[in-house]
Amino acid sequence: MITRKRLAAAVCGLLVTLTGGLGTTAALADAGEPAGEAPKVELVLDVSGSMRARDIDGQSRMAAAKQAFNEVLDAVPADVRLGIRTLGADYPGKDRERGCRDTQQLYPVGPLDRTEAKAAVATLVPTGWTPIGPALLGAADDLEGGDATRRIVLITDGEDTCAPLDPCEVAREIAAKGIHLTIDTLGLVPDAKTRAQLVCIAEATGGTYTSVRHTAELSERVSQLVERAAAPVLTPVATEGADRCAAAPVLAPGLYTDREVIGSHRWYRVEVPPGHELRAAVSIAADRAVNRDYGVLLRASTPAGREIVRGEAAGDGRTDVISTGLRHPKPPADDADADTGSGKPAEETVCLRVSNSFSVPAGVKTTPGLPVELSIALVDGPDEASDTAFLGLARGWWALGVLVLAGFVAGLLWGWLSRWRVTVWRTN
């Protein structure tokens, strides 16, 4: 009986190991040709008094930021036009009006002189207020003009102290201008309120939020964001899913964003040509406090409701984002379905349903829905049907036979190792 249980567990474990990671694979469509104009990035650094706190690798937050900036400046790609703006660097007093105007450009956006930029950063001393909203407006003006990729990287250790100019509303206003300016935020040892504000700022413009507790993390993340500005990226397109497949929007290959009500689902449709493989992935972000234990399901089905394949993932509160994916290939057209009356092979309509099992504590708002990012790609299908079976859907007797045989061998090996360990334990 024990041997049977071990064998069953081994087979299940092997199935999960071999197939679990395959479902989450998804490819994005090409982002197109890079723009001819050099990309622009402005680093916005908080120099407020709280940056004196010594809780990052035994040094102050300001010292950690300076060290990271020096490393980042050494690695900036040659084709990036980089600038630096500060907030809270000059006024140490208690006059709120003056403190909330304390933001200035430390180094202009343009070709980088590394020595000059490092010298400017070296002079900074933690001083005043935290006017994040005004700093974002100033940075947007610094990057104004042209068609280049534009990115603001905000590094701060606390909430804005100059409301009612809410920095989240400022970010939404910047996004509404349609100037394709992305704001990424990094929180230095953030508390819950700081984290919530920085997440809101980033999401308003399609940017990212990162919590930082070590100098190396700060340097690595800022470098990644600067390099990302230099590379062509795919800008997410806003869409709105439906409550049923028949009314769902038809999505072409690309990256899409949506909002989904907590504990509900949304439908989308994709037309898959013969000889192609659909690769889809979905990510849902917890942009507010949620209860532990949640999941996301991405299900592909026919318009009639027959399930084709699914991808699912579960979380336990350790991450802010949960993702899953699936793959579905359509075989090449044969003579029976090649003629659709238009001379084109028949496409297969695939219904994609995104579901989530999030829940929130009492008092937490459920609207708007959680942010959803959905990527759709259509690539050339596998040459052989057996490739389809093994890599996407686990169909085919031969694939099942290989898995069973591998599970049997793994079970025997596990049983032998267990007996050996018990014998050694008794001996010693």
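Which helix gives the most to the lining of the second largest pocket? The points below address this and two further features of the structure, which is a predicted model.

1. The second largest pocket holds about 470 Å³ of space. Its lining consists of 18 residues, and those closest to the centre of the pocket are Cys-168, Arg-172, Ala-196, Cys-200 and Asp-287.

2. Helix H6 (167-176) and helix H7 (192-204) each supply at least two residues of this lining. The answer to the opening question is H7, which gives the most, with seven residues. By residue class, the lining of the second largest pocket comprises ten charged, seven nonpolar and one polar.

3. Helix H2 (residues 61-75) and helix H4 (residues 114-122) have axes that come within 10 Å and cross at roughly 170 degrees. H2 is therefore roughly antiparallel to H4, because an angle over 145 degrees counts as such.

4. In the contact between these helices, H2 contributes Lys-66, Phe-69, Asn-70, Leu-73, Asp-74 and Ala-75, while H4 contributes Arg-114, Ala-117, Lys-118, Val-121 and Ala-122. The residues of the contact of H2 with H4 are divided into six nonpolar, four charged and one polar.

5. The count of aromatic pairs comes to one. This pair is formed by Tyr-294 and Phe-358; the rings are stacked, with 4.5 Å centre to centre and 15 degrees between the planes. Tyr-294 belongs to strand S11 (residues 294-301), whereas Phe-358 lies in the loop between strand S14 (348-356) and strand S15 (370-380), so the pair ties together parts that are 64 residues apart in sequence.

How values were computed. Residues are numbered from 1 along each chain as its sequence is written. This is a predicted model: local features need pLDDT of at least 70, side-chain atom pairs count only at pLDDT 80 or more; totals for chains, interfaces and linings use all residues. Side-chain values use heavy atoms; hydrogens and water are left out. On a 1 Å grid over the protein atoms alone, a cavity is a set of points where a 1.4 Å probe fits but cannot get out, and a pocket is an open set with protein on both sides within 12 Å along at least five of seven lines; lining residues have an atom within 4 Å of a point. Grid points are joined across faces, edges and corners, and a volume is the space filled by probe spheres set on the points. Helices (H or I, at least four residues) and strands (E, at least two) are DSSP runs, numbered from the N terminus. Ala, Val, Leu, Ile, Met, Phe, Trp, Tyr, Cys and Pro count as nonpolar, Asp, Glu, Lys and Arg as charged, and the others, Gly among them, as polar. Axes are lines fitted to C-alpha atoms, for helices over the stretch in contact, and angles run from 0 to 180 degrees between N-to-C directions. Angles under 35 degrees count as roughly parallel, over 145 as roughly antiparallel, 65 to 115 as roughly perpendicular and the rest as oblique. Contact means heavy atoms within 4.5 Å. Rings of Phe, Tyr and Trp (its six-membered ring) pair if their centres lie within 6.5 Å; planes under 30 degrees apart count as stacked, over 60 as edge-to-face and the rest as tilted.
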